[in-house]
Amino acid sequence: MKKERYLLPLILILVWQGLSSVQVIPSYKLPSPVEIVLGFRDLLIVGVPPGHLLHNHMLYSLYRVALGYAVAALLAIPLGLLMGWSPGILRMIRPLFELVRPIPPLAWIPIAILWFGIGIKSAAFIIFLGAFSPILLNTISGVLSINPILIEAARTLHAKEKDIFLKVLLPGAVPSIFVGMRIGIGIGWMTLVAAEFTGVKEGFGLGYMIMTARDIQRPDEILAGMLVIGVIGLLIDIGLRAIESKTIKWQ
Amino acid sequence: MKKIILFFWVNLLFFVAIAQGQPVRIAYLQSDIHHLPFWVAIEKGFFEKEGVRVEVAGIFKAGPEMMSAFAAGSLDMGFVGNAPTITALANRTVRAALLAQVNTEGSAIVVKKDGRLQTLPELVGKGVAIPGHSTVQDFLLRKAFIKHNIQADQVKVIVLKPPEMIGALRTDQIDAFIAWEPHSAKAQTMGVGRVVAHSRDIWKDHPCCGLVADTGFLETHPEKLKAIVRSHVMATDFIHRHREEAIKIAIKYTGMDEGTIRLAMENVHYTYIPSVDGIREYVEFLTKLKYIKVEDTTTFLDRLMRTEILREIIRR
Amino acid sequence: MGLDLLELSKTFPGNGLGESVHVLENIQHRIENGRFVSIIGPSGCGKTTLLRIIAGLEKASAGKVLLDGKELVQGTEEVGLVFQEYALFPWRTTLQNIEMGLEIRGMDKPKRRLTAMEYIKTFDLNGFEHRYPRELSGGMKQRVAIARTLIMNPRVVLMDEPFGSLDSQTRNAMQEFLLRIWLKRGDTIIFVTHNVEEAVFLSDEIVILSKRPARLIQSIDMDLPRPRDRTSETCNKIRRGILKILEEEMKREEVGDEDRWDRL
């Protein structure tokens with residue numbers, strides 16, 4: 001079973017390489033798989049721009065995303081719990097949130113630069129905006145979807161409001177919170193490339209690397225860079241899911 | 001009978017229109033005063049006089065972006081820096097050629113007006129913005145480093161679009177920037193910046209922007225190409241002879257004020273004669289920086305420069 | 001001494017679409033301490049509402065509930081409730097579910113654990129203390145639910161059709177199990193059920209409620225010694241009697257029928 005899963009992508013790659021070799025697909029439009037692999041090697045050894053190696057780009061991007069995402073989670077989870085628990089607070093905050101939510105994070109870039117300048121804070125801010133909504137919404141839904149009978153059961157065990165919040169709402173909402181967190185990191189990581197277009201002060205970042213590869217006309221490095229971003233995104237998701245299954249043993 | 005005559009005329013007009021052909025798709029860089037000859041040619045109707053229709057197919061924020069458009073086949077010709085052209089051609093992402101020069105010089109390194117930086121060597125440890133990697137400005141900056149014994153890794157180089165540079169300088173996001181005119185002039189007239197080096201101080205008479213064409217277009221529409229190059233030559237002469245009117249056109253196309261434009265144009269030298277030595281130096285430098293790898297500099301230059309059309313026009 | 005229900009009435013207000021629903025009508029009864037009392041009535045008559053009012057989850061529209069002469073305050077530890085749907089916390093193990101109330105009370109962990117383990121033993125849950133509810137059978141889940149309530153030693157234990165979703169064999173086993181536990185502990189139990197046979201088997205007293213709005217039709221003292229034989233003639237007779245009362249009740253006009261069975 002497992003082998004068949006890789007059959008289709010393998011065939012596609014071979015066909016692609018074939019078409020590229022005879023230039024049916026011109027390499028300046030879409031480099032061949034071989035060229036992309038060589039481009040990846042250049043990213044590792046030579047760097048784009050030269051001297052800026054891939055692993056440093058990765059570290060800086062990961063750091064930016066981690067920062068933006070951490071702030072998003074630290075704000076959205078407690079707020080979501082509160083909003084799920086108190087209809088009053090939900091009614092108060094929801095209109096404002098629903099107004100801001102449709103604005104794509106990228107539209108915030110000019111404002112982000114005005115407020116935070118160019119550098120890690122503005123990039124982290126854009127990523128924060130991307131991750132915040134899904135985490136908040138899923139947390140709220142997690143609380144609201146808790147069977148009310150569980151809250152009543154807790155009350156019959158003499159639980160006070162604080163107990164209900166900590167011992168029922170919070171653990172009950174955890175599966176949804178994880179869903180929100182996975183979606184949030186996915187969007188956050190996706191927003192990374194655009195966020196780094198705000199101007200990267202340090203000269204490192206995967207988005208910046210791709211932009212530079214475009215500047216110096218290396219589509220093979222552009223695609224190799226995109227692949228790196230995709231793979232890292234995948235690894236992050238796998239990691240989160242592993243944490244999730246370790247934490248939520250009860251489902 | 002009447003019907004046949006009508007039919008005949010309609011078809012004739014139709015074919016005339018087709019024969020006129022598609023307009024030539026030309027691009028330039030946003031608010032780049034180096035590209036004034038193009039704007040002059042449009043305003044003074046030189047293209048019409050030469051019998052060719054022109055369409056502004058793109059206004060780009062920096063050279064590398066324009067080269068991407070060439071690669072995608074969206075442009076026939078463009079006004080763009082020599083450095084991005086060389087990079088794109090060397091990396092074989094475009095099939096293009098340099099037909100004529102557009103200007104030499106015309107950039108400057110700008111620092112904060114009331115800042116502490118007085119000289120170039122003080123840039124060590126500071127942040128400097130460039131419009132993009134492998135642009136003319138990127139190249140000039142590194143040349144300036146070499147001249148003043150600064151190691152490239154001692155300065156933080158940041159990529160920003162020129163319109164963003166003045167704001168970044170003002171808020172101390174960066175300590176200096178290098179950009180094409182009129183951005184350096186604007187920083188001065190706004191009272192934000194001060195020039196610490198003009199590009200001519202770094203490298204006298206250095207080539208800057210060129211008139212570039214897609215080689216496919218060159219081969220299929222040589223007549224139209226010649227017409228464009230002729231218009232370009234006329235426009236360049238016009239700037240020299242009718243400076244005041246040229247200034248007005250520059251103001252219109254950049255949207256900047258007269259003081260800025262006058263100051264900017266003092267820093268730019270408009271010429272259509274390319275300098276092979278200067279361009280060769282670009283190629284060698286880009287190779288050294290590992291941005292490109294060329295088969296052999298001379299062969300490459302032959303591939304790049306197609307100045308025979310220009311020579312033909314000048315001879316007449 | 002015991003639990004006094006004094007003229008309890010409950011009306012749910014209309015929600016704009018429907019009219020208000022009058023659910024309990026003047027329920028008046030005393031439940032002596034230590035007695036096992038079953039409440040039987042037609043579906044939807046308000047038995048659950050009655051339990052919820054005693055448990056403090058619902059407020060009566062009129063009337064009072066007294067425990068040993070003092071008015072029962074809402075959310076009090078004196079009253080425990082076992083839900084029909086178990087209401088176990090899915091993210092807690094068996095052990096953690098059982099000790100939930102003690103945890104809320106603030107008992108320290110070692111003491112909690114010890115006490116909870118006692119209940120694990122008594123309730124025949126050995127080997128399952130670290131399992132999660134989804135891994136337990138229906139019968140086990142109900143035992144956990146009951147243990148969770150009983151560990152708090154409430155003065156009154158309310159049970160809302162706790163065996164309703166079990167198959168008949170498991171159900172019978174659970175009834176015997178509950179009886180065993182109760183005989184040792186002597187709690188006051190108010191047990192709501194649909195199942196007349198169950199009520200006859202378990203109770204000291206059976207209270208019959210009418211259709212909505214529920215009134216107390218009759219209360220039957222079960223003076224039979226335990227263990228009882230479900231199939232004995234006496235049990236059958238009592239069962240038939242109750243069924244007949246219920247049958248007649250079902251045939252009766254819903255509201256406004258003056259011909260009521262009003263015996264206390």
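The exercises below, each with a worked solution, concern a predicted model.

**Exercise 1. Describe the make-up of chain A, from its secondary structure to its contacts and its accessible surface.**

Begin with the elements: chain A holds eleven helices and zero strands, and from the N terminus on the order is therefore written α-α-α-α-α-α-α-α-α-α-α, given that helices and strands are DSSP runs numbered from that end. Next take the extent, for which the C-alpha atoms of chain A fill a box of roughly 75 × 55 × 30 Å along the principal axes. Then turn to burial and contacts: of the 251 residues in chain A, 50% are buried, and among the contacts with a separation of 6 or more, 73% join residues 24 or more positions apart. Finally, the exposed area of chain A is about 12,400 Å², of which carbon and sulfur atoms supply 74%.

**Exercise 2. Find the residues that make the nonpolar surface patch of about 530 Å², and place L19(A) within chain A.**

The patch is made by L7(A), I11(A), V15(A), L19(A), V22(A) and V24(A). Of these residues, L19(A) can be assigned to helix α2, which covers residues 7-21 of chain A. The relative accessibility of L19(A) is 34%, so this residue counts as partly exposed.

**Exercise 3. Determine how many disulfides the structure holds, and examine the surroundings of C208(B) and G81(B).**

The count of disulfides over all chains is zero. For C208(B), the nearest cysteine sulfur belongs to C209(B) and is 3.9 Å away, so the pair does not meet the requirement that the two sulfur atoms lie within 2.5 Å, and C208(B) is in no disulfide. With a relative accessible area of 1%, C208(B) is buried.

The next step is to consider G81(B), which is found in strand β3, residues 77-81 of chain B. Leaving aside residues up to four places away in sequence, G81(B) touches V136(B), C208(B) and C209(B). G81(B) has a relative accessible area of 6% and is therefore buried. A further relation across the sequence is that the C-alpha atoms of G81(B) and L211(B) are separated by 8.7 Å, although these residues are 130 residues apart along the chain.

**Exercise 4. Work out where the salt bridges R215(C)–E25(C), R113(C)–E99(C) and R226(C)–D204(C) lie and how accessible their partners are.**

Over all chains the count comes to 45 salt bridges.

1. In the bridge between R215(C) and E25(C), the closest N and O atoms are 3.9 Å apart, which falls within the 4 Å cut-off. The pair links distant parts of the chain, with R215(C) in the loop between β9 (205-209) and β10 (216-221) and E25(C) in strand β2 (residues 21-32), 190 residues apart. Both partners are partly exposed, R215(C) at 21% relative accessibility and E25(C) at 22%.

2. R113(C) forms a salt bridge with E99(C), for which the closest N and O atoms are 3.1 Å apart. R113(C) lies in helix α4 (residues 109-122), whereas E99(C) lies in the loop between α2 (94-98) and α3 (100-105), 14 residues apart. Here the burial of the partners has to be stated separately, because R113(C) is partly exposed at 23% while E99(C) counts as buried at 1%.

3. The side chains of R226(C) and D204(C) meet in a salt bridge of 2.7 Å, N to O. R226(C) lies in the loop between β10 and α8 (233-251) and D204(C) in the loop between α7 (196-202) and β9, so the pair ties together parts that are 22 residues apart in sequence. R226(C) is partly exposed at 24%, and D204(C) is buried at 13%.

As a last step, consider shared partners: salt bridges of this kind join K167(A), R92(C), E99(C), E103(C), R112(C) and R113(C) into one network.

**Exercise 5. Locate D187(C), decide whether it is buried or exposed, and list what surrounds it.**

D187(C) sits in the loop between α6 (168-185) and β8 (188-193) of chain C. The relative accessibility of D187(C) is 10%, which is under the 20% limit, so D187(C) counts as buried. The side chain of D187(C) makes a polar contact of 2.7 Å with the side chain of R185(C). Apart from residues up to four places away in sequence, D187(C) touches G34(C), R35(C), L150(C), P154(C), V157(C) and W182(C).

Note on methods
Residues are numbered from 1 along each chain as its sequence is written. Chains are lettered from A and ligands numbered from 1 in the order in which they are written. This is a predicted model: local features need pLDDT of at least 70, side-chain atom pairs count only at pLDDT 80 or more; totals for chains, interfaces and linings use all residues. Side-chain values use heavy atoms; hydrogens and water are left out. Helices (H or I, at least four residues) and strands (E, at least two) are DSSP runs, numbered from the N terminus. Buried means under 20% relative accessible area, exposed over 50%, partly exposed in between (1.4 Å probe, protein chains only). A polar contact is a pair of N or O atoms within 3.5 Å; within protein, one must be able to donate a hydrogen and the other to accept it, and residues adjacent in sequence count only if both atoms are side-chain atoms. Contact means heavy atoms within 4.5 Å. Patches are made of residues with over 30% relative accessible area and no salt bridge: like charges are joined within 9 Å, nonpolar side chains (Val, Leu, Ile, Met, Phe, Trp, Tyr) within 5 Å. Accessible areas come from the Shrake-Rupley method with a 1.4 Å probe; for residues, only the protein chains shown count as cover.
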